Amino acid sequence: MSESDETRLLANVPDGLFIAGAWRPATDSATLAVHDPATGREIKRIASATVADGTAALDAACDAAAGWAATPARERGELLRRAFDLLQQRKEEFALLMTLEMGKPLDQARGEVAYGGEFLRWFSEEAPRIQGRYGPNPEGTGRMIVSRHPVGPCYLITPWNFPLAMATRKVAPALAAGCTVVVKPAALTPLTTLYFAKLLQDAGLPPGVVNVVTTSASGPVSEAIIGDPRLRKLSFTGSTPVGQKLLEQAATGLLRTSMELGGNAPFIVFGDADLDRAVDGAILAKFRNIGQACTAANRFIVHRGVAEEFARRVTERVNAFTTGRGTAEGVTIGPLIDDSAVAKIDELVRDAVARGAHVRAGGAPIEGPGSFYAATVLTDVQPGSDILREEIFGPVLAIVTFEDEDEAVALANDTEYGLVSYVFTPDLARGQRMIDRLQTGMIGLNVGVVSNAAAPFGGWKLSGLGREGGAEGIGEYLETKYTLTPDPA
Ligand code: NAP
């Protein structure tokens, strides 16, 4: 990619708010700056919505709600399918845009375009499959009809780490179900969502069905939208503390909520594991997206008998990584999202080392420009270290050891989170016991990535409420109605 490709692409990204099918500036003309985390340089300025702009976006979603709900499911699905097709044509642009605003290596950004696009395709197929039930009541006196209806206007809040996929994972099921939406991307990475809104417009999106507000005042703008009695659903992906705060706000209107929150994934390697497979899985589960994924492996729980060999092999792989700007050929580790992320990871690593962990690779920030932290491997991480309790959200692989299965399960479940676990063992019976015993919404059994548009993604405990994707995903945007009518005979 040349610099002129980047300049041309950035110039094509809209810089306004997308409300009622039109692009416009914020009412007070305020803007916010978007930066490239690999250089620290400003790459674009876009509108920063006020509370009034947020309300205008909800007005538009409410105005469009009845028309969209009445649009035949097949037509809703076909819009999503056209969006999927357009995304395939524009995949290089979306990949580059994500690399520019978020930092992930271009190859991984292409992977996100493929993954994010699948939600458009999957829910284009689910739209015409929304079904109800009809049958006699047990008394034989009447007929029971169960029908499903769009929940109504939705507010969708997305994080910065997967700018496209987190938007499509919410927008696609909402639209398939017949709901209209206001989307608020993270201020750090809003460009991909704006470019996605433009794509939807090109695919024939009716005005008001999707509205996008970008803002540097996410708190007040969101509070006004969530507190508006016309809103019916809040879907949030982000950190657990913010999710908890928004759930409190949503309680007033008794909103339907979906909460995709933080993780602290255990990655368990049993003594009988195929180590080649486990190391490949570890590299993916830990270093994909520079470790900035809710599904990132956070705690490597490795059987004492293979721990040294596992550590040696992952260290060898980590030492072969190339760190740099995600646009450069061969880069495997890009920058973190900003300097405060670098500082937080450095603090976690220092705490672990002060408590007795050994640094086998990396272990320090990389001097700027840009927000880089060296890919790191830590062994002998001691119980009580912050790195075992907190979500690392960076390229640090921390290893603890265990003796037997019960201890592995106890260590894995010793967290308030419950999003995903990874288990490596060829023993089928043990694998099945782990499925029963691990307290997480998802399990990778001998694989390092589980996400799939056709599967229910979501967590237990403080990792969230509800599911995105799969047959379950569309149900989050549907209300159920039961009707009783007298027996016709
Ligand atoms: P975050 O700080 O919670 O932000 C997430 C979103 O919430 C952003 O759009 C942010 O906007 C907005 N926000 C922040 N404070 C808000 C407030 N007071 N009111 C309304 N909105 C507010 O999380 P993040 O740092 O972007 O993302 C990382 C977190 O997301 C990690 O914990 C990760 O595990 C989690 N995550 C979970 C999943 C999952 O599916 N379970 C997937 C991806 C990420 P601004 O930043 O513009 O304020």
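The dialogue below goes through the empty spaces, nonpolar cores, cysteines and backbone geometry of a predicted model.

Reader: On what basis should the residue numbers and values be read?

Author: This is a predicted model, in which local features need pLDDT of at least 70 and side-chain atom pairs count only at pLDDT 80 or more, while totals for chains, interfaces and linings use all residues. Residues are numbered from 1 along each chain as its sequence is written, and side-chain values use heavy atoms, with hydrogens and water left out.

Reader: How is empty space found, and what volume does the largest pocket have?

Author: Rolling a probe the size of a water molecule over the atoms shows where empty space is left. On a 1 Å grid over the protein atoms alone, a pocket is an open set of points with protein on both sides within 12 Å along at least five of seven lines, a cavity is a set where a 1.4 Å probe fits but cannot get out, and lining residues have an atom within 4 Å of a point. Grid points are joined across faces, edges and corners, and a volume is the space filled by probe spheres set on the points. Here the largest pocket has a volume of about 910 Å³, and of the 41 residues that line it, Trp160, Phe236, Gly238, Ser239 and Val242 are the closest to its centre.

Reader: Which elements give two or more residues to that lining, and how does it divide by class?

Author: Helices (H or I, at least four residues) and strands (E, at least two) are DSSP runs, numbered from the N terminus. The elements that give two or more residues to the lining of the largest pocket are H6, helix H8 (218-226), strand S10 (233-237), helix H9 (240-252) and helix H12 (339-354). For the classes, Ala, Val, Leu, Ile, Met, Phe, Trp, Tyr, Cys and Pro count as nonpolar, Asp, Glu, Lys and Arg as charged, and the others, Gly among them, as polar; by this scheme the lining of the largest pocket has 19 nonpolar, 13 polar and nine charged residues.

Reader: Which residues are closest to the centre of the second largest pocket?

Author: The second largest pocket holds about 520 Å³ of space, and of its 25 lining residues the closest to its centre are Val381, Gln382, Pro383, Leu388 and Val400. H11 gives the most to this lining, with four residues, and by class the lining has nine nonpolar, seven polar and nine charged residues.

Reader: How many cavities of 30 Å³ or more does the structure hold?

Author: There are two cavities of 30 Å³ or more. The largest cavity has a volume of about 70 Å³, and its lining includes Tyr115, Phe162, Arg288 and Thr295. The second largest cavity, of about 40 Å³, has Arg288, Thr295, Tyr422 and Val449 among its lining residues.

Reader: How is a nonpolar core defined, and which residues have the most contacts inside the largest one?

Author: In soluble globular proteins, nonpolar side chains tend to be buried together. A nonpolar core is a set of buried Ala, Val, Leu, Ile, Met, Phe, Trp, Tyr and Cys residues joined through side-chain atoms within 4.5 Å, where buried means under 20% relative accessible area, exposed over 50%, and partly exposed in between (1.4 Å probe, protein chains only). The largest nonpolar core has 131 residues, and those with the most contacts inside it are Leu175, Val210, Phe267, Ile268, Phe310 and Ile387. Helix H6 (residues 165-177) gives the most to this core, with nine residues, while a second, separate core of 25 residues includes Ala49, Val182, Ala250 and Leu261.

Reader: How many disulfides are there?

Author: A disulfide is a pair of cysteine sulfur atoms within 2.5 Å, and by this rule the count is zero. For cysteine 179, the nearest cysteine sulfur, that of cysteine 154, is 4.0 Å away, and cysteine 179 counts as buried because its relative accessibility is 0%.

Reader: Which features of the backbone deserve attention?

Author: Most residues other than glycine have a negative phi, and most peptide bonds are trans. In this model a cis peptide bond, with omega about 5 degrees, joins glycine 368 and proline 369, and proline 369 is in the loop between strand S15 (365-366) and strand S16 (372-373). Asparagine 446, which is not a glycine, has a positive phi of about 70 degrees and is found in the loop between strand S21 (442-445) and strand S22 (460-461). Lysine 461, also not a glycine, has a positive phi of about 50 degrees and lies in strand S22.
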